[in-house]
Amino acid sequence: MSVESKKPREACCSKLKLFLASLAFVYFAKAFGGAYMKSSITQIERRFDIPSSLIGVIDGSFEMGNLLVIAFVSYFGAKLHRPRLIGIGCVIMAAGSFLIALPHLLQGPYKYETSVSHNKDVNSTESILPCLSNHSMTEADDTPDLETKTACEKAAGSSMWIYVFLGNMLRGIGETPVMPLGVSYLDDFSREENTPFYLACIHTVGILGPMFGFMLGSYLAKIYVDIGSVDLDSITINYKDSRWVGAWWLGFIVTGTLILLSSIPFWFLPKSLPKQGQEQSESKSKSTELATVAEQENFLPEENQEQEEKEKPVTFQELAKDFIPSLKRLFRNSIFSLMILTYLVAVNGFIGMITFKPKYLEQIYGQSASKAIFLIGILNLPAVALGIITGGFVLKRFKLGVIGAARVSISASVGSFCLLAIQVFIRCENAEVAGLTVSYQGAPQVSYNPQTLLSQCNMGCSCSMKHWDPVCAYNGMTYTSPCLAGCQTSTGTGKEMVFHNCTCVGEMMTPGMNMSAVLGQCPRKSDCDRIFKIYMALSVVGSFISACGGTPGYIVLLRSIQQDLKSLALGMQTLIVRTLGGIPPPIYFGALIDRTCLKWGTKQCGGRGACRLYDADAFRMTFMGLITGLYFLANMLWGGLYIKIVKRQKKLALRNQAKENGQEGNGAVNGHANISIAKNKEDEERRGEESTI
């Protein structure tokens, strides 16, 4: 081959490698942004004082945006300039991230709820009298009139969460072209044997995104929301407090900038490239084209123009005529339908778990939001990545077929389910909060109502029962406010404030002992750390085992569909799983979790805010019980699916054996379940011809 012919090929390959590197960077950036969004759920909930059910709607808006344009992008995108469409998608994603951060700039500083007006003067001593103050704090419990409330909400920016909802939806719209158009472009212009390796590279880089996203979320959760605009010494709460809001907005500026940078190379890539290695083996390239599956041909309008456009003019009427029968054929395939149902149930459990797991670690094991997010990013996500790679390696190493892949997948599913079931029973004791989880005398609280916050020790203090401003007494019990602890005086400022002569603390202590309390909730009992380590170990091993079944499960799905329906099948799987598996779980998980709340926060303008304290046992049974139930159902469906796959493979084996032995009649009947309608007709015609002969 001459030097001249080598040059364009090298240029083509370098452009393909540029596309590969750019696509890998986009995969990393979008996964980074998506994971950061998940890690910021708790911070956004607290900042806008909204319940978990509403935060579920905000979280689901990404899938809503994705579904709005997925059909349009998948079909028309293949006929347009794919790299530029991916670039446009990245710009839209970046705009969405910036829009999410916008409310921080439009709102005033964050005002957390507190029951006392904390003094900023360092020189003052004993200036605050929580219980003995002359003014009545019951006024704070009164509901403000509608006009006052509306004016206050306008000033506080209570509806600013809508920007977060719309921004997340924009992120979903922008993410849509990346996967279908990026993978198809790579598949079209790379050697067939190189495509799996290229895809593996992209996904490996993409796996790093969630790890970095959760680590950034953990770091920013420790930084106060209004960093740079308020005096941090005047802040009386720390990052472990349930009212604390981290610098959530800063992360969206970082992720938006990264996604914007990732879009740059796509504006300089061509619409199409010569097929990789085409000059070396033209005949091989032609045979590869013939062997290519139906979805690849759909993404190559230029190469198939003469044949494709003559046979099927691109009109909606023609598409509709072909679409409905294909859809009927697809869903008549019982294995495909059952597979979609299994995926749907499992994805419901997974999405619900990943959305609210940081909150679960906070409420059940007393971890801070920052630590919970960090542990998920540094332990669970690498275990998932390793599991996906291990599953693929097992398939390749042992050259497993459909039944082998199904066995690996169902074994992984059952194994992870068993570990999940054990996690349901691993718990720490409820946080001891007087009047909520225990009585003021330390006995377990049977039921809660606002009146249980009152006791003989604080009856004369005229305390507000709506506010959450916890203090930790030296007896190890948390009180919902200094006033409800019956504290008479205070010293110090900011986080160092100490309350003295707390009458309610004295009820549980022998006379003469320390009756002081400090700001914040009391830490959990010492054995809770040991229990938490056991839970995390089981969670990490469970994540690894569950992920091992991911790749084999996908192979089973691909092998259970006729070649000409594969593109439609994957599109329908994405549509159904994202619609019913991505949007509803955060909403119904959030609504059920809200029902376990013991103490709701109070908004700046009155009304119910975000939850401050949950009934740990009710939360655990609701959250883990729901996930376990969904995974149990998924395992039952996997069992039925496995039986169907084995039966189909047996029929196929009998048919092939019958073909070899010349018993076409019985073979065709036995093989009927696994072949397409077109092949059945051919077999029938062939049998008819042979019988005639």
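**Exercise 1. Decide whether Leu 361 is buried or exposed in this predicted model, and find what surrounds Leu 361.**

Solution. Begin with the accessibility: the relative accessible area of Leu 361 is 0%, and since buried means under 20%, Leu 361 counts as buried. Next, place the residue along the chain, where Leu 361 belongs to helix α14, which covers residues 334-365. Then list the contacts, setting aside the neighbours within four places in sequence: Leu 361 touches Gly 366, Gln 367, Ala 372, Ile 376, Phe 532, Tyr 535 and Met 536. Finally, take one of these partners, Phe 532, which is 171 residues from Leu 361 in sequence, although the two C-alpha atoms are 8.6 Å apart in space.

**Exercise 2. Describe the aromatic pair formed by Phe 589 and Phe 623, and name the aromatic cluster to which these residues belong.**

Solution. A pair of aromatic rings is described by the distance of the centres and the angle of the planes. A search of the whole structure gives 23 aromatic pairs. One that can be set beside the pair of this exercise is formed by Tyr 36 and Phe 252, which are edge-to-face with 5.0 Å from centre to centre and 75° between the planes. That pair links distant parts of the chain, with Tyr 36 in helix α1 (residues 3-39) and Phe 252 in helix α9 (residues 248-263), 216 residues apart, and both Tyr 36 and Phe 252 are buried.

For Phe 589 and Phe 623, the centres are 6.1 Å apart and the planes make an angle of 80°; planes over 60 degrees apart count as edge-to-face, and this pair is accordingly given that name. Phe 589 lies in helix α21 (residues 584-594) and Phe 623 in helix α22 (residues 616-661), so the pair ties together parts that are 34 residues apart in sequence. Both Phe 589 and Phe 623 are buried. As a last step, the cluster is made up of Tyr 360, Tyr 365, Phe 532, Tyr 535, Tyr 588, Phe 589, Tyr 614, Phe 619 and Phe 623.

**Exercise 3. Work out how α3 and α6 pack against each other, and which kinds of residue make up their contact.**

Solution. Start with the geometry: helix α3, residues 52-76, packs with α6 at an angle of about 35°, and the two axes are 7 Å apart. The crossing of α3 and α6 is right-handed. Turn next to the residues that make the contact, among them Leu 54, Val 57, Ile 58 and Phe 62 on the side of α3, and Trp 161, Val 164, Phe 165 and Met 169 on the side of α6. When the residues of this contact are sorted by kind, there are 12 nonpolar, five polar and three charged.

**Exercise 4. Locate Ser 159 and Asp 49, and give the accessibility of each residue.**

Solution. Ser 159 has its place in the loop between α5 (146-156) and α6 (161-175), and at 49% relative accessibility Ser 159 counts as partly exposed. The C-alpha atom of Ser 159 is separated by 9.8 Å from that of Ile 50, a residue 109 positions away along the chain. Asp 49 sits in the loop between α2 (41-47) and α3, and with a relative accessible area of 12% Asp 49 is buried. The backbone of Asp 49 also calls for a remark, for its phi is positive, about 50°, although Asp 49 is not a glycine.

**Exercise 5. Find where Lys 399 lies and state its phi, and then identify the rings that Arg 397 and Arg 608 lie over.**

Solution. Lys 399 is in the loop between α15 (369-397) and α16, and its phi is near 50°, a positive value in a residue other than glycine. At 73% relative accessibility, Lys 399 counts as exposed. For the arginines, Arg 397 lies over the face of Phe 398, at 5.6 Å from the ring centre, while the charged end of Arg 608 sits over the ring of Trp 600, 3.7 Å from its centre.

**Exercise 6. Place Ser 413 in the chain and name its contacts.**

Solution. Ser 413 is part of helix α16 (residues 402-423), and its relative accessible area of 13% makes Ser 413 buried. Apart from its neighbours within four places in sequence, Ser 413 is in contact with Asn 635 and Trp 638. For the chain as a whole, buried residues make up 50% of the 693 residues.

Key. Residues numbered from 1 in each chain as written. Predicted model: local features only at pLDDT ≥ 70, side-chain atom pairs only at ≥ 80, totals over all residues. Heavy atoms only, no water. Helix = DSSP H or I, 4+ residues; strand = E, 2+ residues; numbered from the N terminus. Buried < 20%, exposed > 50% of the residue type's maximum accessible area, 1.4 Å probe, protein only. Axes fitted to C-alpha atoms, helices over the stretch in contact; angles between N-to-C directions. Left-handed = near helix turned anticlockwise from the far one by under 90°. Contact = heavy atoms within 4.5 Å. Nonpolar A, V, L, I, M, F, W, Y, C, P; charged D, E, K, R; others polar. Phe/Tyr/Trp six-rings, centres within 6.5 Å; stacked < 30°, edge-to-face > 60°. Lys NZ or Arg CZ within 6 Å of the ring centre and 35° of its normal.
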